[in-house]
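Reader: I am new to reading protein models and would like to go through this one slowly, one feature at a time. Could you explain each term when it comes up?

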Amino acid sequence: MVYVAAIITAKPGKRAELLKLVHANLAAVRAEQGCLEYGPTIDVAGFGNPQAALGDDTFVFIEKWESADALKLHFTQPHMIDYVAKSKDLIANRAVHVLEPV
């Protein structure tokens, strides 16, 4: 099993537009073979200490995949290729962390 924490920062003021594209793609990703969990998350408003707030332009995909191979296949799917093309001009920064249990 592999986990992904993908930290996505939209260009200033573009997070809502980017999340609209994300939500349009959720069903297709969740239907992929090997996808156990996949969803965008944002800061809990007003949580306070010890939260390290991401800010208004950032969100994090929390993902769980049956295997690294399933995750690798995910990136080749037509709906993901389409999402990348549509979203590239909205994203300022992306950091994808692929993790495994210890």
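**Reading the model**

Reader: Which are the buried residues of α1?

Author: Helices such as α1 are DSSP runs of H or I with at least four residues, strands are runs of E with at least two, and both are numbered from the N terminus. A residue is called buried under 20% relative accessible area, exposed over 50% and partly exposed in between, with a 1.4 Å probe and protein chains only. By that rule, the buried members of α1 are Arg15, Leu18, Leu19, Val22, Asn25, Leu26 and Val29.

Reader: Before we continue, what kind of model is this?

Author: Residues are numbered from 1 along each chain as its sequence is written, and side-chain values use heavy atoms, with hydrogens and water left out. Local features need pLDDT of at least 70, side-chain atom pairs count only at pLDDT 80 or more, and totals for chains, interfaces and linings use all residues, because the model is predicted.

Reader: How far does helix α1 reach from its first C-alpha to its last?

Author: The helix runs over residues 15–30, which makes 16 residues. Its expected span, taken as 1.5 Å times one less than the number of residues, is 22 Å. The distance in the model is close to that value, at 21 Å.

Reader: Where does α1 bend?

Author: The bend at a residue is the angle between two axes, one fitted to the seven residues ending there and one to the seven starting there. In α1 this angle is about 35°, and the residue at which it occurs is Ala24.

Reader: Is Leu19 buried or exposed?

Author: Leu19 belongs to helix α1, and its C-alpha is 13 Å from that of Asp89, although the two are 70 residues apart in sequence. Its relative accessible area is 15%, so Leu19 is buried.

Reader: How many aromatic pairs are found in the whole structure?

Author: Rings of Phe, Tyr and Trp (its six-membered ring) pair if their centres lie within 6.5 Å, and planes under 30 degrees apart count as stacked, over 60 as edge-to-face and the rest as tilted. Ring pairs join Tyr38, Phe59, Phe61 and Trp65 into a cluster. The search of the whole structure gives a number of aromatic pairs equal to 3.

Reader: Are the rings of Tyr38 and Trp65 stacked or edge-to-face, and why?

Author: Tyr38 in strand β2 (residues 35–41) and Trp65 in strand β3 (residues 58–65) are 27 residues apart, so that this pair links distant parts of the chain. Both Tyr38 and Trp65 are buried. Their ring centres are 6.5 Å apart and their planes stand at 75°, so the pair is edge-to-face.

Reader: What separates the C-alpha atoms of Cys35 and Leu71?

Author: Cys35 is a residue of strand β2, and it is buried, with a relative accessible area of 13%. Along the chain, Cys35 and Leu71 are 36 residues apart, while the separation of their C-alpha atoms is 7.9 Å.

Reader: Which residues does a cis peptide bond join?

Author: Most peptide bonds are trans. Here the loop between β2 and β3 holds Pro50, and a cis bond with an omega of about 15° joins Asn49 and Pro50.

Reader: Is Phe47 buried or exposed?

Author: Phe47 also sits in the loop between β2 and β3, and its C-alpha is 19 Å from that of Phe61, with their positions 14 residues apart in sequence. The relative accessible area of 52% means that Phe47 is exposed.

Reader: What is the relative accessible area of Phe75?

Author: Phe75 lies in the loop between α2 (68–74) and α3, and the C-alpha atoms of Phe75 and Ile8, 67 residues apart along the chain, are separated by 16 Å. Phe75 is partly exposed, with a relative accessible area of 46%.
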